[in-house]
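User: I should like a close look at a single part of this protein. Please describe that part in connected prose, and then set it within the whole.

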Amino acid sequence: MDIREQLWRLRRDYGQRALDEREVPTDPFELLRAWLKEALEAGLLDPNAVALATVSPDGQPSVRAVLLRDINERGLVFFTNYESRKAHELRHNPRAAMLFLWTPLERQVRVEGTVERVSDEESDAYFRTRPRTYQLAAWASPQSEAIPDRAFLERRFREMEERFEGQEVPRPPFWGGFRLVPEKIEFWQGRRNRLHDRLLYIRQPDGSWRMQRLAP
């Protein structure tokens with residue numbers, strides 16, 4: 001059996017849970033926090049991993065996985081090098097999309113909205129919680145740039161170890177957080193026979209949310 005036939009035959013029916021608009025909160029952040037808490041308590045690997053999609057100035061989409069580090073009514077926060085590809089694209093086009101995929105729970109969440117940088121104070125506070133080696137790596141890695149080999153990266157890391165020996169590692173000025181401010185949040189729950197539940201929350205001009213059910 002070739003790979004194409006294997007892919008054609010690969011399928012699994014869903015049916016663990018349902019998603020009923022009569023039973024969900026009017027605030028999507030409340031539901032997202034509840035789902036994220038379930039993913040954490042289920043012991044899933046990297047439950048805070050999200051696929052982040054951005055668009056280049058010439059219209060080329062790109063996507064990569066990042067780790068969610070904060071969620072509140074203001075938005076969803078992740079951290080990165082401000083000179084990375086994603087950061088350059090967000091400066092040119094401050095709009096993005098996120099996807100949470102929790103396969104064992106038969107769930108996904110899609111988020112779309114605008115992106116802003118978090119304050120230096122927020123970035124500093126999170127940077128201080130990182131292990132020291134992670135802090136040094138932020139200084140050592142010219143993220144998204146071409147480098148000659150692995151040895152280059154390891155040499156840079158050793159240089160940072162020597163540079164900050166015996167002192168606290170400060171946050172690099174080129175490293176910090178972004179906040180995705182949602183305009184749409186869609187919750188997807190797998191159901192039998194591919195008749196999945198999809199509830200879409202849309203932010204209204206007054207800041208409230210309107211919810212609608214989408215066909216799977």
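Analyst:

**The nonpolar patch and its surroundings**

In this predicted model, the residues I3, L7, W8 and L10 make a nonpolar patch of about 510 Å² on the surface. One of these residues, L7, lies in helix α1, which covers residues 3–9. Is L7 buried or exposed? L7 counts as exposed, because its relative accessible area is 53% and the cut-off for that class is over 50%.

The chain then continues into the loop between α1 and α2 (28–41), where D20 is found. D20 counts as buried, because its relative accessibility is 17% and the limit for buried residues is under 20%. The side chain of D20 makes a polar contact with the side chain of R22, at 2.7 Å. When residues up to four places away in sequence are left aside, D20 touches L199 and R213.

A further contrast between covered and uncovered positions appears in strand β5, which spans residues 95–102. The covered face of β5 consists of A96, M98, F100 and W102, whereas R95, A97, L99 and L101 form the uncovered face.

Strand β5 also has partners. Strand β1 (residues 49–55) runs antiparallel to β5, and three bridges join these two strands. Within this pairing, A51 of β1 stands opposite L99 of β5. Strand β6, which comprises residues 107–117, pairs with β5 over eight bridges, again in the antiparallel sense. Here W102, a member of the covered face of β5, has R107 in β6 as its bridge partner. The strands β5 and β6 form a hairpin with four residues between them. In this hairpin, E106 takes a positive phi near 55 degrees.

These parts may now be placed within the whole protein. The protein has six helices and nine strands, and its C-alpha atoms fill a box of roughly 60 × 55 × 40 Å along the principal axes. Of its 216 residues, 40% are buried. The accessible surface comes to about 12800 Å², and carbon and sulfur atoms account for 50% of that area. Among contacts between residues at least 6 apart in sequence, 65% join residues at least 24 apart.

Key. Residues are numbered from 1 along each chain as its sequence is written. This is a predicted model: local features need pLDDT of at least 70, side-chain atom pairs count only at pLDDT 80 or more; totals for chains, interfaces and linings use all residues. Side-chain values use heavy atoms; hydrogens and water are left out. Buried means under 20% relative accessible area, exposed over 50%, partly exposed in between (1.4 Å probe, protein chains only). Two strands pair if DSSP finds at least two bridges between them. Patches are made of residues with over 30% relative accessible area and no salt bridge: like charges are joined within 9 Å, nonpolar side chains (Val, Leu, Ile, Met, Phe, Trp, Tyr) within 5 Å. Accessible areas come from the Shrake-Rupley method with a 1.4 Å probe; for residues, only the protein chains shown count as cover. A salt bridge is a side-chain nitrogen of Lys or Arg within 4 Å of a carboxyl oxygen of Asp or Glu. Contact means heavy atoms within 4.5 Å. A polar contact is a pair of N or O atoms within 3.5 Å; within protein, one must be able to donate a hydrogen and the other to accept it, and residues adjacent in sequence count only if both atoms are side-chain atoms.
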